[in-house]
Amino acid sequence: MLNILVGVTFLLFIGYAILIVYYRQSWLQIHDHQPLTTDHRYTTTISIIIPARNEEENIKDCLHSIAKQSYPKNLFTVIVVDDFSTDRTADVVSSFPEVQLISLNNFVSEKINSYKKKAIEVAIQNSTGELIVTTDADCIVPENWLQTIASFYEKEQATFIAMPVLISNGNKCIEIFQSLDFMTLQGITGASVNKKFHSMCNGANLAYTRQAFEEVDGFKNIDAIASGDDMLLMHKIAERYPDKVKFLKSTKVIVQTKPVASISEFFNQRIRWASKADKYNDKSILPVLVVVYFLNLLMLVLPIAAFIQNVHFSFFTFHFSFFEVWILLLVLKTSVELFFLLPVASFFNRKKLLWWFPVAQPFPPLQLLVRATLRWSTRFWQVEYCLSQKGRSQQWRE
């Protein structure tokens, strides 16, 4: 029985390795976009939308970074939607006279499932830009962010543009792990969008046309779930414009966001991300999830089996303990992932972080919990949803 277990694990690893190498090749095939010449006359009008709830500590830095944009000031506007903040978020935004502040409570008279989607929808209704660009209140954008986006849009005529996001980190283990984990997801995002393999993106750095948003009826039919203002909308637009969904690979558009401060916050974040899984209709991602899920599961089971039953695995004339087999698979898996991550880390200027990557590999339960199990389980979403609605109800009563 254990021999079969090892055999299945090796077969899954082969499939996983092929997938990772495919992702690497796809990432390398994405051309680094360079903005148009400095004398180019841009014409694209842009509306930047930032939903914000209790972001008093972050929104000021975000707006300062936007104010430094090299893009012509007459071609973009900034809209911040205050999502029922209980701190001084609105006061901070009001200190920026060039920023339009919208209070969501003026547009919501009853409880709804997704306040963030409603905030974006209201902002789009009150905006004038041809291109909608979204980011989060805890993000910092680079100086040539809008100029590069407009350049890419005018050249490619894309209807939906996914762009890179980087989690900044200090020396704390939880921050380093998040930065590595998220950088991996960003590499897969770029590779997947480039190959039209499946739809992935992050709402902290997105652009899409107003026309496309209106043609797919915005968040209609996906507004019953709190999360999914990014990937679910991307999938709707990709169904209508399969050749017009692009990934903008450029260091000039990398948006930096803050890491969560604790393990509990990290798990809550992954629960929110997983909550949209049952609404995500992109079937191409299912085989990927199957391989990743069961490979991680078996990587968890093998050392336990080796500890319980001290037997050996035979391969031709060679004999290995199951613990040695697990170590071998761990080394192979780490090597394949590093092979993929090297060019991605180079793009994000985070190659030094790769020294920490092998440290996280002996802990597949964490990888399994945060990447696979939560994505497959709707029970976690139901708990999160009920808790969030309870909080909203309390807020309404107050």
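This briefing walks through the fold, the cores, the ring contacts and a few individual residues of the structure above. The model is predicted. The protein has 14 helices and twelve strands, and 52% of its 398 residues count as buried. Among contacts with a separation of 6 or more, 80% join residues 24 or more positions apart.

**Strand E1 and its partners**

- A good place to start is strand E1 (46-52), where seven of the seven residues are buried, so this strand is largely enclosed by the rest of the structure.
- In a regular strand, side chains alternate between the two faces of the sheet.
- Here, Ile-46, Ile-48, Ile-50 and Ala-52 point one way from E1, while Ser-47, Ile-49 and Pro-51 point the other way. Residues on both sides are buried.
- Strands of a sheet pair through backbone hydrogen bonds, in either a parallel or an antiparallel sense.
- E1 pairs with E2 in the parallel sense, over seven bridges. One of the residues involved is Ile-46, whose bridge partner in E2 is Phe-76.
- E1 also runs parallel to strand E4 (residues 131-134), to which four bridges join it. Ser-47 of E1 has Ile-132 as its bridge partner in E4.
- Together, E1, H2 and E2 make a β-α-β unit, and this unit is right-handed.

**A three-strand sheet**

- Elsewhere, three strands form an open sheet with mixed pairing, in the order E5-E10-E7.
- Which strands sit at the edges? They are E5 (139-140) and E7 (165-167), each of which pairs on one side only.
- E7 runs parallel to strand E10 (residues 255-257), and three bridges join the two. Leu-166 stands opposite Gln-256 of E10.

**Nonpolar cores**

- In soluble globular proteins, nonpolar side chains tend to be buried together.
- The largest nonpolar core holds 73 residues, and those touching the most other members are Tyr-23, Leu-104, Phe-160, Tyr-208 and Ile-237.
- Helix H11 (residues 322-347) provides the largest share of this core, with eleven residues.
- A second core of 40 residues is separate, and its members include Ile-50, Ile-66, Leu-146 and Val-253. Ile-50 ties this core back to strand E1, where it shares a direction with Ile-46, Ile-48 and Ala-52.
- Which residues does Phe-160 touch, leaving aside those up to four places away in sequence? Its contacts include Cys-201, Leu-206, Ala-207, Tyr-208, Met-234, Ile-237 and Val-245. Asp-230, Lys-244 and Lys-246 are also among them.

**Rings and a charge**

- A search of the whole structure turns up eleven aromatic pairs.
- In the pair of Tyr-42 and Tyr-71, the ring centres are 5.4 Å apart and the planes meet at 65°; edge-to-face pairs need an angle over 60 degrees, so this pair is edge-to-face.
- The two tyrosines are 29 residues apart and link distant parts of the chain. Tyr-42 is in the loop between helix H1 (2-29) and strand E1, and Tyr-71 is in the loop between helix H2 (59-67) and strand E2 (76-82).
- Buried or exposed? Tyr-42 counts as buried because its relative accessibility is 12%, and Tyr-71 is buried with a relative accessible area of 1%.
- Ring pairs also link Tyr-22, Tyr-23, Phe-197 and Phe-340 into a cluster.
- Arg-24 has its charged end over the ring of Phe-339, at 3.8 Å from the ring centre.

**Where helix H1 meets residues far along the chain**

- Ile-20 is found in helix H1 and, at 6% relative accessibility, counts as buried.
- The C-alpha atoms of Ile-20 and Phe-340 are separated by 6.4 Å, although the two residues are 320 residues apart along the chain.
- Beyond residues up to four places away in sequence, Ile-20 touches Val-336, Glu-337 and Phe-340.

**Two positive phi values outside glycine**

- Gln-157 is not a glycine, yet its phi is positive, near 55°. This residue is in the loop between helix H5 (145-156) and strand E6 (160-162), and it is partly exposed at 42% relative accessible area.
- Asn-349, also not a glycine, has a positive phi of about 60°. Asn-349 lies in the loop between H11 and helix H12 (357-360) and counts as exposed, with 65% relative accessibility.

Conventions: Residues numbered from 1 in each chain as written. Predicted model: local features only at pLDDT ≥ 70, side-chain atom pairs only at ≥ 80, totals over all residues. Heavy atoms only, no water. Phe/Tyr/Trp six-rings, centres within 6.5 Å; stacked < 30°, edge-to-face > 60°. Buried < 20%, exposed > 50% of the residue type's maximum accessible area, 1.4 Å probe, protein only. Lys NZ or Arg CZ within 6 Å of the ring centre and 35° of its normal. Core = buried A, V, L, I, M, F, W, Y, C linked by side-chain atoms within 4.5 Å. Contact = heavy atoms within 4.5 Å. Pairing = 2+ DSSP bridges. Right-handed = clockwise from strand over helix to strand, strands pointing away.
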